[in-house]
Amino acid sequence: KLEEGRRRREILDRRVEDYAAGRLLASRGLYRASAVELAYAIEFHLKAALGEVKLDDSDQRLVESSHDLPRIFGLCRKYDVLASARVSLDFLCLARDHFERRYPRGEHALMEREKYMRDGQDTLPVYDDCIIQLDLALAADYDTTDFLLGTGALHAFPFIPALAESIFAGN
């Protein structure tokens, strides 16, 4: 039980760290790196929700070994978690593609398959909306606001002004 609680806290903390890092990178004009961090924030929201339910073995393997955000979100629907989140599957595909772009071979494969590259400051509000949707749905699933991103930023110990600023700036 203690191990489960530690793992839960780790996943919840990663959501805050990745979201803050993504917003900070975007504020510096580093949109490609920002998109990867924001995609991680999405992934950890999904995995935080799925960590609360008993998954069958094949679904558990997918959650533990994949960055396939649309498929992981599909598992959330299958297990009836994050039910109140209104998230675009098309956007989750775009966010998933940023994981593939982390490495040159992934970027090449993406260009071959999808014939596009997309990043820039115009995607930041879409990431924000997606992450806020997931954050609020996770709070509803947990039946508490203790784990909201804003709460995490304001109550982090030690308090880190840059963390709070990166989350709240422009929101």
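**A walk through the helices of a predicted model**

The model is predicted, and the protein chain has an average pLDDT of 81, with 77% of the residues scoring at least 70. Confidence varies along the protein chain: helix 4 (residues 69-78) has the highest mean, 97, and helix 8 (residues 149-154) the lowest, 59.

A place to begin is the nonpolar core. The largest such core has 45 residues, and those touching the most other members are Ile42, Leu46, Leu50, Leu69, Leu82, Tyr127 and Leu134. At least two residues of this core come from each of helix 1, helix 2 (31-50), helix 3 (57-65), helix 4, helix 5 (89-100) and helix 7. The greatest contribution is that of helix 2, which gives 12 residues.

Helix 2 is mostly covered, since 16 of its 20 residues are buried. Its length also fits a regular helix: at 1.5 Å a residue, 20 residues should span 28 Å, and the end C-alpha atoms of helix 2 are 29 Å apart, which agrees.

One of the core residues, leucine 50, can be followed outward. Leaving aside residues up to four places away in sequence, leucine 50 touches Leu55, Val63, Ile72, Leu75, Cys76, Tyr79 and Val81. Of these contacts, Leu55 leads into the loop between helix 2 and helix 3, where leucine 55 has its place. Is leucine 55 buried or exposed? Its relative accessible area is 6%, under the 20% limit, so leucine 55 counts as buried. With residues up to four places away in sequence again left out, leucine 55 touches Leu50, Gln60, Val63 and Tyr79. Leucine 55 and tyrosine 79 are 24 residues apart along the chain, and their C-alpha atoms are separated by 8.1 Å.

Helix 3 comes next. Which residues of helix 3 are buried? They are Asp59, Leu62 and Val63. Seen down the axis of helix 3, these buried residues fall within an arc of 95°, and therefore they line one face of the helix. The cover over the buried residues of helix 3 includes helix 2 and helix 4. On the other side of helix 3, Asp57, Arg61, Glu64 and Ser65 are exposed.

Charged side chains form a second theme. The model has 9 salt bridges, and several of them involve helix 1 (residues 2-27), the helix that holds aspartate 18. Arginine 14 forms a salt bridge with aspartate 18, and the closest N and O atoms of the pair are 3.1 Å apart. Both residues lie in helix 1, 4 residues apart, or about one turn of the helix. An α-helix has 3.6 residues a turn, so residues three or four places apart point the same way.

The two partners are not equally covered: arginine 14 is partly exposed, with a relative accessible area of 29%, whereas aspartate 18 is buried at 5%. What does aspartate 18 touch, not counting residues up to four places away in sequence? The contacts of aspartate 18 are Glu37, Leu38, Tyr40, Ala41 and Phe44.

Another salt bridge joins aspartate 135 and arginine 15, with 2.8 Å between the closest N and O atoms. This pair links distant parts of the chain, as aspartate 135 is in helix 7 (residues 124-142) and arginine 15 in helix 1, 120 residues apart. Both partners lie under the 20% limit for buried residues: the relative accessible area is 7% for aspartate 135 and 1% for arginine 15.

A further link between helix 1 and helix 7 is made by arginine 23 and aspartate 128, whose side chains meet in a salt bridge of 2.7 Å, N to O. Here too distant parts of the chain are linked, for arginine 23 in helix 1 and aspartate 128 in helix 7 are 105 residues apart. Arginine 23 is buried, with a relative accessible area of 7%, and aspartate 128 counts as buried at 9%. Elsewhere, salt bridges that share partners join Asp56, Asp59 and Lys78 into one network. Asp59 has appeared above, as one of the buried residues of helix 3.

Terms used: Residues are numbered from 1 along each chain as its sequence is written. This is a predicted model: local features need pLDDT of at least 70, side-chain atom pairs count only at pLDDT 80 or more; totals for chains, interfaces and linings use all residues. Side-chain values use heavy atoms; hydrogens and water are left out. Buried means under 20% relative accessible area, exposed over 50%, partly exposed in between (1.4 Å probe, protein chains only). Contact means heavy atoms within 4.5 Å. pLDDT is the predictor's confidence in each residue, from 0 to 100. A salt bridge is a side-chain nitrogen of Lys or Arg within 4 Å of a carboxyl oxygen of Asp or Glu. A nonpolar core is a set of buried Ala, Val, Leu, Ile, Met, Phe, Trp, Tyr and Cys residues joined through side-chain atoms within 4.5 Å. The arc is that of the directions from the helix axis to the C-beta atoms. The expected span of a helix is 1.5 Å times one less than its number of residues.
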